[in-house]
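Welcome, and please open the model in your viewer. We will go from one selection to the next, with a short look at what is there at each stop.

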Amino acid sequence: MVPFLGMPKFPLMNTHSTPRLYHVALSPFCRKVRLVLAEKRIDVELVEERWWEPGSEILRRNPAGKIPVLRLDGRLWAESQAIVEYLDEAYPNPPLMPLTPTERHEVRRLCAWFDDKFNTEVTRPILSERVWKKVMNAGYPDSRLVKSGLRAVKDHMDYLGHLLEHRKWLAGNMLTLADFTAAAHLSCLDYISDVDWDRSAALRDWYATIKSRPAFRNLLVDQVPGFAPAPHYAQLDF
Ligand SMILES: N[C@@H](CCC(=O)N[C@@H](CS)C(=O)NCC(=O)O)C(=O)O
């Protein structure tokens, strides 16, 4: 028996099916994809995928069992960084990657900084403890983990502030995938009011600029049941 011979890794589908993003509202990885789709003016239907609930079909859509999963161009796409790089190649306007290998490396380095280091040290401990445990009915928040996330975010903000004192955008002179990746993580924390914007004027100005883009509008109306957004969350002048 050769069960996997010729089987597509991800199901192929009707090319005319509506673009759809399986997501949850406060996932930085899903937000990154939403921001890039919106910047490229690709309309998608958002479908909440509560992957932790029995009956979730996430494994049918992504063998890794993770969201985001994007249905577009007749197939399913997984892994947020791979998705946004695909989008940038397949939908080149506006471009969100620079031209030279050195600049492209800097964009990818910063995307990994957020999706790996920042996520492990800040986004995941804070959001898991403050939001996900309650949503998933998985016990009480561990305040030590929240505190360690809140301590770590300060160093990250100082580093980002330092970069932005010397650059217009995070990775250089143009708006790139790095800015959307950073904004995706920071916006999740900002929703629950865990960003001290007074720490760096340069970082606050950068966030105010990216938050004012039309691509951000959809994120600013997100509502997670049981967690009202911070009062300043949707304000452009915060
Ligand atoms: N590297 C993945 C990470 C995605 C990820 O961790 N998604 C979380 C939600 S924020 C998830 O689906 N977790 C399900 C699980 O870990 O089982 C990406 O960039 O898409």
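To compare two helices, we use axes, which are lines fitted to C-alpha atoms over the stretch in contact, and the angle between them runs from 0 to 180 degrees between N-to-C directions. Keep in mind throughout that this is a predicted model.

**Stop 1: two packed helices**

Select residues 28-39, which are helix α1, and residues 80-90, which are helix α3. The two pack at an angle of about 5 degrees, and their axes are 9 Å apart. Angles under 35 degrees count as roughly parallel, so α1 is roughly parallel to α3.

Now show the side chains where they meet. On the α1 side, pick F29, K32, V33, V36 and L37; on the α3 side, pick S80, Q81, I83, V84 and L87. Colour this contact by residue type and you will find seven nonpolar residues, two polar and one charged.

**Stop 2: the whole chain**

Zoom out and show the cartoon. How many helices and strands does the chain have? There are eight helices and four strands, and along the sequence they follow the pattern β-α-β-α-β-β-α-α-α-α-α-α. The radius of gyration is 18 Å, close to the 18 Å that the globule rule gives for 238 residues, so the chain is as compact as a globular protein of that length. Turn the model along its principal axes, and the C-alpha atoms fill a box of roughly 60 × 50 × 30 Å.

If you colour by accessibility, buried residues make up 49% of the 238 residues. Contacts also reach far along the chain: among those between residues at least 6 apart in sequence, 71% join residues at least 24 apart.

**Stop 3: salt bridges**

Side chains of opposite charge can pair when their charged atoms come close. The structure holds 20 salt bridges, and we will visit some of them.

Begin with E45 and R20, whose closest N and O atoms are 3.3 Å apart. E45 lies in strand β2 (residues 45-48) and R20 in strand β1 (residues 20-23), so this salt bridge ties together parts that are 25 residues apart in sequence. E45 counts as partly exposed because its relative accessibility is 34%.

Next, select D88 and K40, which form a salt bridge with closest N and O atoms 2.5 Å apart. This pair links distant parts of the chain, with D88 in helix α3 and K40 in the loop between α1 and β2, 48 residues apart. Are D88 and K40 buried or exposed? Both are buried.

Move on to helix α4 (residues 101-135), where E106 and R109 sit three residues apart, about one turn of the helix. They form a salt bridge too, with closest N and O atoms 2.8 Å apart. E106 is buried, with a relative accessible area of 11%, while R109 is partly exposed, at 27%.

To finish this stop, select E49, E57, R60 and R61 together: they are linked in a network of salt bridges.

**Stop 4: a threonine in α6**

Now go to T181, in helix α6 (residues 177-191). T181 counts as buried because its relative accessibility is 1%. Which residues does T181 touch, not counting those up to four places away in sequence? They are K32, Q81, C111, F114 and D115. You have met two of these names before, since K32 and Q81 also belong to the contact of α1 with α3.

**Stop 5: backbone details**

Switch to a backbone view. Most residues other than glycine have a negative phi, and most peptide bonds are trans. Here are some places to look for something else.

- Select I67 and P68: the peptide bond between them is cis, with omega near 10 degrees. P68 lies in the loop between α2 (58-61) and β3 (69-72).
- Select N93 and P94: they are joined by a cis peptide bond, with omega about -10 degrees. P94 is in the loop between α3 and α4.
- Select E79: this residue is not a glycine, yet has a positive phi of about 70 degrees. E79 lies in the loop between β4 (75-78) and α3 and counts as exposed, at 53% relative accessibility.
- Select N137: this residue, also not a glycine, has a positive phi of about 60 degrees. N137 is in the loop between α4 and α5 (143-166) and counts as exposed, at 73% relative accessibility.

Note on methods. Residues numbered from 1 in each chain as written. Predicted model: local features only at pLDDT ≥ 70, side-chain atom pairs only at ≥ 80, totals over all residues. Heavy atoms only, no water. Parallel < 35°, antiparallel > 145°, perpendicular 65-115°, else oblique. Contact = heavy atoms within 4.5 Å. Nonpolar A, V, L, I, M, F, W, Y, C, P; charged D, E, K, R; others polar. Salt bridge = Lys/Arg side-chain N within 4 Å of Asp/Glu carboxyl O. Buried < 20%, exposed > 50% of the residue type's maximum accessible area, 1.4 Å probe, protein only. Rg over C-alpha atoms; globule rule 2.2 N^0.38 Å.
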